[in-house]
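The exercises below ask you to read a single protein chain with the coordinates open beside you. Each one sets a task and then works through the solution step by step.

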Amino acid sequence: LANHPPPRAKASNSTVGRSRLVEIRVADLAKWGRFGSGKGVILSFLPRESSKVGQSMGRFAKNSSRISVAPMMEWTDRHYRFMARLLSPKVWLYTEMIHARAVIHGDRPRLLGFDPVENPLALQLGGENPSQMAEAGRIGEDWGYDEININCGCPSDRVASGSFGACLMAAPEQVGHIVSAMKKALSIPVTVKCRIGIDGREDYAHLKDFSNRIIDAGCDRIIVHARIAVLGGLSPAENRTIPPLRYNDVYRLKDEFSDTPIEINGGIRTMEEIRKHYAGALDGVMIGRAAYENPWILTGIEDVLSESPRSERQGLAIKPDLPGAPDLFDVIDRMNQYIIESFDRGVPANAIARHMLGLMHGRPGAREFRRKLSGDWSRKLTDSRILGDYLESVRANAMQAGIRQARLLESVAN
């Protein structure tokens, strides 16, 4: 299922539509670590209700408030997303940006394959051609993605040379055509991730005009990075830090387009900052590099996403390890199992382990944990048994570091 899309649902006269029945071998389900043994099982897939008429996406309503992890090139691949889902059941996840032409003509299992546990999951597409973007979005919907996002925020020279990414903010009419074409082709939400502007179009009026065009075209949600993008003058890394943050522009946009979900992104690194923005007037908070460098931050999201009214949520205390949060070593155990299973399918161990380097951020033994999972250590491991022994030794060392720290604190207290 992770590598092959389910058959596209046929339309029916009912509100929900016909269910799709797909038979899955239990041997495959066991590999996902979610089901027991038996001879077979039938899973029912219900087609999502159309967003064109304002209907919901089942349990992931398109207008619901949410917290998400930003799409980040070379970081938010399927292995990171698998780990992120272990840390937070409800955080929205995004793929790395994939160009529409690659989706249409490339290796789809490699580009689009994902584990079912990753949902809710959005596919971010790059491109400037409306028909190609619509076709790529339709393919993404067939593969089981919950949302298709259009990249209008990436400032890299390579992206700009292809006339997509942040440079599209200079062409709001073109982006409107892209959104319109995709809305006609898809039944899942079409969203846009953008900046507050680009050099030469830095004032709020340009952001308002851009947003108005894409909203009129049917955009379901706008995720706004609260910095301008300087094209041709700053590197992508500099564009994440040098242009000043202008959060007020994002809040002003929500005031003017109150019926459209607006989500904020940029410079949000702590649970206190997440909570502050989530408790306000906006419809979501997107976390970027903080969710990668310190992935344990994701374990606090369920607390912020509590059912209590926003006026009550403002007083919530965010603790490092909340009640109900996963145990760190349970997560490490599950990731080690995932590494071994993937290794048996030909996936290099360090392709997954590199995403775990921040798991022990700020904890005793973090440096040694990172050292043992960094570099080319996996080249010397020739089979899954040896790999498993090595991963278990890394886990044991990390646990011993925690025990030593606890004993030290206890002795100091006494």
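The chain has 18 helices and eleven strands, where helices (H or I, at least four residues) and strands (E, at least two) are DSSP runs numbered from the N terminus. This is a predicted model, in which local features need pLDDT of at least 70 and side-chain atom pairs count only at pLDDT 80 or more, while totals for chains, interfaces and linings use all residues. Residues are numbered from 1 along each chain as its sequence is written, and side-chain values use heavy atoms, with hydrogens and water left out.

**Exercise 1. Describe the burial and the contacts of the chain as a whole.**

Solution. Begin with burial: of the 414 residues, 49% count as buried, a term that means under 20% relative accessible area, with exposed over 50% and partly exposed in between (1.4 Å probe, protein chains only). Turn next to contacts, meaning heavy atoms within 4.5 Å: among those between residues at least 6 apart in sequence, 72% join residues at least 24 apart.

**Exercise 2. Determine how strand 8 is placed and which strands pair with it.**

Solution. First, nine of the nine residues of strand 8 (residues 190-198) are buried, so this strand is largely enclosed by the rest of the structure. Second, look for partners, bearing in mind that two strands pair if DSSP finds at least two bridges between them. Strand 7 (residues 147-152) runs parallel to strand 8 and is joined to it by five bridges, with Cys152 opposite Cys194. Strand 9 (residues 221-229) also pairs with strand 8 in the parallel sense, over seven bridges, and there Ile228 is the bridge partner of Gly197. Third, follow the chain from strand 8 through helix 8 (residues 204-216) to strand 9, a β-α-β crossover that is right-handed; that is, with the strands pointing away from the viewer, the path from the first strand over the helix to the second runs clockwise.

**Exercise 3. Examine the two faces of strand 3 and find its partner.**

Solution. Arg66 and Ser68 lie on one side and Ile67 and Val69 on the other, and all of them are buried, which leaves both faces covered. Strand 11 (residues 284-287) pairs with strand 3 in the parallel sense over four bridges, and Ile67 stands opposite Val285. In the loop between strand 3 and helix 2 (78-87) lies Glu74, whose phi is near 65°, a positive value in a residue other than glycine. Glu74 counts as exposed because its relative accessibility is 59%.

**Exercise 4. Compare the span of helix 15 with the expected span, and inspect its N-terminal end.**

Solution. The expected span is 1.5 Å times one less than the number of residues, so the 16 residues of helix 15 (residues 328-343) should span 22 Å, and the end C-alpha atoms are indeed 22 Å apart. At the N-terminal end, Asp327 acts as a cap, with a side-chain oxygen 2.9 Å from the backbone nitrogen of Phe329. The buried residues of helix 15 include Phe329, Ile332, Met335 and Ile339.

**Exercise 5. Work out what covers helix 5, and locate the cis peptide bond.**

Solution. The buried residues of helix 5 (residues 130-142) include Met133, Ala136 and Ile139, and their cover includes helix 3 (100-105), helix 4, strand 6, strand 7 and helix 7 (172-185). Just after helix 5, Gly144 takes a positive phi of about 105°. The cis peptide bond joins Asn119 and Pro120, with omega about 5°, and Pro120 is placed in the loop between helix 4 (108-112) and strand 6 (121-126).

Terms used: Polar contact = N/O pair within 3.5 Å; in protein donor to acceptor, adjacent residues only side chain to side chain.
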